[in-house]
Amino acid sequence: MGTQRVMKIVRAIRNGWIKPKKDEKADKPRYYLIWDKEDDQTKPRHNMHIPAPKMKLPGHEESYNPPPEYLPTEEEIAAWEAMDPDDRSQNFLPKKYSSLRLVPAYNKFIQERFERCLDLYLCPRQRKMRVKVNPEDLLPKLPRPKDLQPFPVNGIYCKNKLFMVYKGHTGAVRCLAVDPLGQWIASGGDDKVVKFWEVCTGRCIKTLQCGGAVHSIAWNPNPSLTLLAIVVEHKAVIVNHSLGDKLLCAATDELIESYTPQGEAGKESGVQWSVANEEDYKNGERLVIKHNKVISQITWHGKGDYFASVVPQGGNKSVFIHQMTKRRSQCPFKKAKGLIQRVLFHPTRPFLFVATQRFIRVYNLTKQELTKKLVSNAKWISSMAVHPKGDNLIVGSYDRRLCWFDMDLSTKPYRTLRSHKKALRQVTFHRHYPLFASASDDGTVIVCHGRIFNDLMQNPLIVPVKVLKGHKVQGELGVLDCQFHPSQPWIFTAGADHLIRLYT
């Protein structure tokens with residue numbers, strides 16, 4: 001082969017006209033994944049060109065001879081100079097020149113060129129793709145409300161729906177209490193009376209004059225005792241209502257009169273026990289426990305002998321636990337840890353729930369120690385209710401929240417509901433049905449289905465099923481209390497419109 005032929009081939013190789021054959025064995029990787037199926041497939045290369053950001057086109061305000069309406073006044077110039085540079089809508093003020101040759105050099109030219117260079121080379125290299133998601137897929141799959149019946153609904157004597165109104169109060173009805181057997185209800189409020197009603201007929205059986213506004217009432221949970229605890233300002237009154245079986249009423253009076261004095265424990269604890277006088281005794285009053293300041297709540301223990309009272313402004317003596325048979329009281333806390341709002345006894349264990357403005361503390365009364373502290377994330381707690389099984393708790397607040405706590409799961413709320421438009425006044429659980437309800441100042445009561453499963457790995461099922469309307473809002477107050485019937489899926493509501501309503 002001649003020299004010219006060799007030079008011709010070399011020149012063709014240098015210019016790329018002749019390309020050498022690729023060695024296929026050398027291109028293959030030495031190691032490979034045995035189970036990788038996508039090894040032979042060539043992945044497509046995504047070339048996503050991101051254009052450089054464009055500059056805003058100049059407008060009339062950037063002209064050397066702008067229209068008169070674009071020229072700022074002295075007040076606008078002073079306001080522009082007083083503003084922070086980052087808050088200004090534009091970084092210059094329009095000025096007017098008679099000719100283009102009189103326009104001076106722009107003093108921020110280099111700064112703007114530098115910022116433009118930053119815009120170009122700091123352009124983001126990531127393109128955000130918009131994801132199309134069906135909104136229905138984001139919502140949890142809940143059962144239909146029809147499958148969760150029975151629960152209280154609206155209705156006026158139609159299709160087994162009973163809507164009864166109890167009329168008789170002349171002031172706002174602050175509190176309700178239902179007989180453990182479900183035959184009677186008691187109500188009290190600003191009209192300084194406590195009324196006893198028969199549930200089925202809606203008839204007022206008895207009216208008790210209290211001499212002061214009634215803040216709280218609680219029916220004794222023991223069916224063999226015909227007692228009702230009433231809070232009248234700074235007094236807690238134990239009343240024998242004398243409704244129902246006369247033998248039970250007589251046995252209750254015998255139990256109270258069988259007391260034998262054992263020291264003066266009541267005076268030492270800051271409360272004073274006394275027996276009602278003759279006139280009050282005829283009305284049904286039996287015992288009077290006077291406190292130093294106004295009482296906000298009273299609640300019974302499940303066995304019916306102990307009851308607790310809350311004095312929010314009492315300082316270190318904000319909670320008292322009273323024993324009716326021995327007529328003695330004790331203050332379980334030496335120091336006040338916040339403004340106490342509510343207390344409740346555990347339905348089965350010796351625990352006491354104490355709710356302050358933002359926290360719920362669970363105390364073991366047997367060991368006399370703090371067991372758990374729950375954080376509500378609410379600004380001001382207004383009400384509290386414990387599930388009949390005792391492991392779950394609901395809390396209502398004045399900032400329109402309802403918090404469900406699973407105490408075995410966490411110290412923070414498992415679920416927070418914001419269904420009401422105004423402050424919550426009361427929350428309550430049903431004793432047998434998987435129902436709980438919340439009453440609010442917006443004049444509504446929301447009934448929810450809350451089922452707890454025996455399987456600890458399964459979360460509670462919480463579904464709002466019904467909004468009950470009917471109460472009128474008066475003076476920014478709506479529904480002040482709500483209580484479930486002990487055996488039926490019925491709910492009683494008390495409102496600021498002087499009425500008590502029954503939804504079934």
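Start at R174. This residue is partly exposed, with a relative accessible area of 32%. The model in your viewer is a predicted one.

**Stop 1: the R174 pair**

Keep R174 selected and add D190. The two form a salt bridge, and their closest N and O atoms are 3.1 Å apart. Now colour by secondary structure. R174 belongs to strand 2 (residues 173–178), while D190 sits in the loop between strand 3 (184–189) and strand 4 (193–198). The partners are 16 residues apart, so this pair links distant parts of the chain. D190 is partly exposed as well, at a relative accessible area of 35%.

**Stop 2: D253 and R286**

Select D253 and R286 next. Here too is a salt bridge, with 2.8 Å between the closest N and O atoms. D253 lies in helix 6 (residues 246–257) and R286 in strand 10 (residues 285–290). The two are 33 residues apart, and the pair links distant parts of the chain. Are these residues buried or exposed? Both D253 and R286 are buried.

**Stop 3: R401 and D399**

Move on to R401 and D399. Their side chains meet in a salt bridge, 3.9 Å from N to O. R401 counts as partly exposed, because its relative accessibility is 21% and buried means under 20%. How many salt bridges are there by this rule? The count comes to 5.

**Stop 4: the sheet of strands 19 to 22**

Show the cartoon and pick out strands 19, 20, 21 and 22. They form an open sheet in the order 19-20-21-22, with antiparallel pairing. Strand 19 (381–386) and strand 22 (415–417) stand at the edges. Each has a single partner strand, so one side of each is left without a neighbour in the sheet. From one strand to the next, the twist averages 20°.

Zoom in on strand 21 (residues 402–406) beside strand 22. They pair in the antiparallel sense over 3 bridges. Select L402, then find its bridge partner in strand 22: L417.

**Stop 5: the sheet of strands 23 to 26**

Now highlight strands 23, 24, 25 and 26. These 4 strands make an open sheet, ordered 23-24-25-26 and paired antiparallel. Which strands stand at the edges? Strand 23 (424–429) and strand 26 (461–469) do, each with a single partner strand. One side of each therefore has no neighbour in the sheet. Neighbouring strands are turned by 20° against each other on average, direction ignored.

Go to strand 23 and strand 24 (residues 435–440). They run antiparallel and are joined by 5 bridges. Label T428 here. Its bridge partner in strand 24 is A437. Strands of a sheet pair through backbone hydrogen bonds.

**Stop 6: a nonpolar patch**

Switch to a surface view and select I13, W17 and I18. Together they make a nonpolar surface patch of about 360 Å². Focus on W17, in the loop between helix 1 (3–15) and helix 2 (24–27). W17 is exposed, with a relative accessible area of 64%.

**Stop 7: the cysteines**

Finish with the cysteines. How many disulfides does the structure hold? The number is 0. Take C210, which is in no disulfide. The nearest cysteine sulfur belongs to C175 and is 9.2 Å away. A disulfide needs the sulfur atoms within 2.5 Å. C210 is buried, at a relative accessible area of 13%. Then select C482, which counts as buried at 0% relative accessibility.

Terms used
Residues numbered from 1 in each chain as written. Predicted model: local features only at pLDDT ≥ 70, side-chain atom pairs only at ≥ 80, totals over all residues. Heavy atoms only, no water. Salt bridge = Lys/Arg side-chain N within 4 Å of Asp/Glu carboxyl O. Buried < 20%, exposed > 50% of the residue type's maximum accessible area, 1.4 Å probe, protein only. Pairing = 2+ DSSP bridges. Axes fitted to C-alpha atoms, helices over the stretch in contact; angles between N-to-C directions. Patch = residues over 30% accessible without salt bridge, like charges linked within 9 Å, V, L, I, M, F, W, Y side chains within 5 Å. Areas by Shrake-Rupley, 256 points an atom, 1.4 Å probe, with all protein chains shown as cover.
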